Amino acid sequence: MQDLLELLRTNPYPGRGIVVGTDRSGRPAVYYWIMGRSSNSRNRVFVATEDGIRTEAHDPSRLEDPSLIIYHPVRAMGDALVVTNGDQTDTIVERGSLHAGCMERSYEPDSPNFTPRISAIVQADGSFELSLLKRQGGNDPAASDRCVREFFAYEGADARTGYFISTYQGDGNPLPSFSGEPVEVALPAADKIWGALDADNKVSLYANVGGKVRLYNKNLGD
C-alpha cells in the first residue's frame with residue numbers, strides 16, 4: 001500500500017484523479033479532483049447539481065474552449081454514484097452501466113496528450129469499478145490510435161484504504177498517461193488531499209464521505 005499524500009506531494013501534475021475506498025470508520029469515500037496548467041483549465045469551479053456536480057467557468061468572460069473542461073464529473077445513477085473526468089459520465093448514466101458506457105467512448109481527442117478517460121462507479125453495497133480508456137500508442141504520434149479499455153472491479157475496500165487512478169503519471173510535454181492498475185493507497189481525509197495537491201496547478205476537489213459532500217474550489221478561496 002502506498003501513501004497517497006506522498007504520491008501527490010511529489011507529483012506536480014497528476015491531472016484529474018479519482019480515489020474510491022473506505023474511511024477509518026468504514027464509510028464509503030469518493031474523491032475527484034481537477035488540475036490545470038492553462039488559464040482556461042484553471043478558470044473553473046465545481047458547483048452542486050440536483051444529482052451530483054458539474055464544472056463551470058469561474059469567470060465566464062475568460063472562458064475559451066469549453067470542450068473537455070465543462071462537464072458533469074459526478075452523477076447519481078439509481079443508488080450508484082458515477083464519477084468521471086469528462087462527458088462520459090452522461091454516456092454511462094444513459095446506458096445504465098459503466099462497461100456499456102465506456103465501450104462507446106474513447107480517449108480524449110487532445111493530441112499530443114491523448115488524455116485517458118478515467119471513470120468509476122460506486123454501488124450502494126460498497127463494491128465499485130474503475131475504468132481507463134487509453135490510446136494504445138501512448139504519446140507516439142506514429143503509433144496506433146486504437147483505444148485500450150481497461151476495467152477493474154472490486155468487492156469493496158478495507159478501512160482507510162482506497163484505489164487511485166489519474167490521467168497522467170506526471171508533468172511533461174506531452175503529458176505521460178497513467179499506466180498500470182489502480183494504486184492501492186492509504187486513504188487520508190479530504191483536507192489533507194487538498195493540501196497535498198500542487199498549489200499552482202490544483203483547481204477543485206469533490207469529497208464524498210458517507211454521503212456527505214464537500215466541494216473545494218481554489219478560485220473561491222479554499
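This is a short tour of a predicted model, moving from an annotated span to its strands and then to one residue.

Begin by selecting residues 13-208, the range that an unreviewed UniProt entry annotates as "domain: Inosine monophosphate cyclohydrolase-like". Within residues 13-208, helix accounts for 13% and strand for 38%, and the C-alpha atoms at the two ends of the span lie 23 Å apart.

Next, colour the strands of the open sheet, where 7 of them follow one another in the order E1-E12-E11-E2-E3-E13-E14 with mixed pairing. Strand E1 (2-3) and strand E14 (212-217) are the edges of this sheet, and because each has a single partner strand, one side of each is left without a neighbour in the sheet.

To look at one of these edges, select E14 together with strand E13, which covers residues 202-209; the two are antiparallel and are paired over 6 bridges. A useful place to centre the view is Ser 204, whose bridge partner in E14 is Asn 217.

Move now to the strands E4 to E7, which can be followed pair by pair. Strand E4, residues 44-49, pairs with E5 in the antiparallel sense over 6 bridges, and the hairpin that joins E4 to E5 passes through 2 residues. In this pair, Phe 46 is found opposite Thr 55 of E5.

From strand E5 (residues 52-57), continue to strand E6 (residues 74-77), which runs antiparallel to E5 and is joined to it by 2 bridges. Select Ile 53 here, and Val 74 in E6 will be found opposite it.

Strand E6 is in turn joined by 4 bridges to strand E7 (residues 80-84), again with the strands running antiparallel. Ala 76 has Leu 81 in E7 as its bridge partner. The hairpin formed by E6 and E7 has 2 residues between the strands, and Gly 78, in the turn, has a positive phi of about 65 degrees.

While these strands are on display, side chains can be switched on, since in a regular strand they alternate between the two faces of the sheet.

For the last stop, select Ser 119, which belongs to strand E8, residues 117-122. Is Ser 119 buried or exposed? Its relative accessibility is 0%, so Ser 119 counts as buried. The side chain of Ser 119 makes a polar contact of 3.2 Å with the side chain of Gln 88. Leaving aside residues up to four places away in sequence, Ser 119 also touches several others, including Ile 18, Val 83, Ile 92, Leu 98, Cys 102, Glu 129 and Ile 165.

Terms used:
Residues are numbered from 1 along each chain as its sequence is written. This is a predicted model: local features need pLDDT of at least 70, side-chain atom pairs count only at pLDDT 80 or more; totals for chains, interfaces and linings use all residues. Side-chain values use heavy atoms; hydrogens and water are left out. Two strands pair if DSSP finds at least two bridges between them. Buried means under 20% relative accessible area, exposed over 50%, partly exposed in between (1.4 Å probe, protein chains only). A polar contact is a pair of N or O atoms within 3.5 Å; within protein, one must be able to donate a hydrogen and the other to accept it, and residues adjacent in sequence count only if both atoms are side-chain atoms. Contact means heavy atoms within 4.5 Å. UniProt positions are given in the numbering used here, feature names are shortened, and annotations may be inferred rather than shown by experiment.
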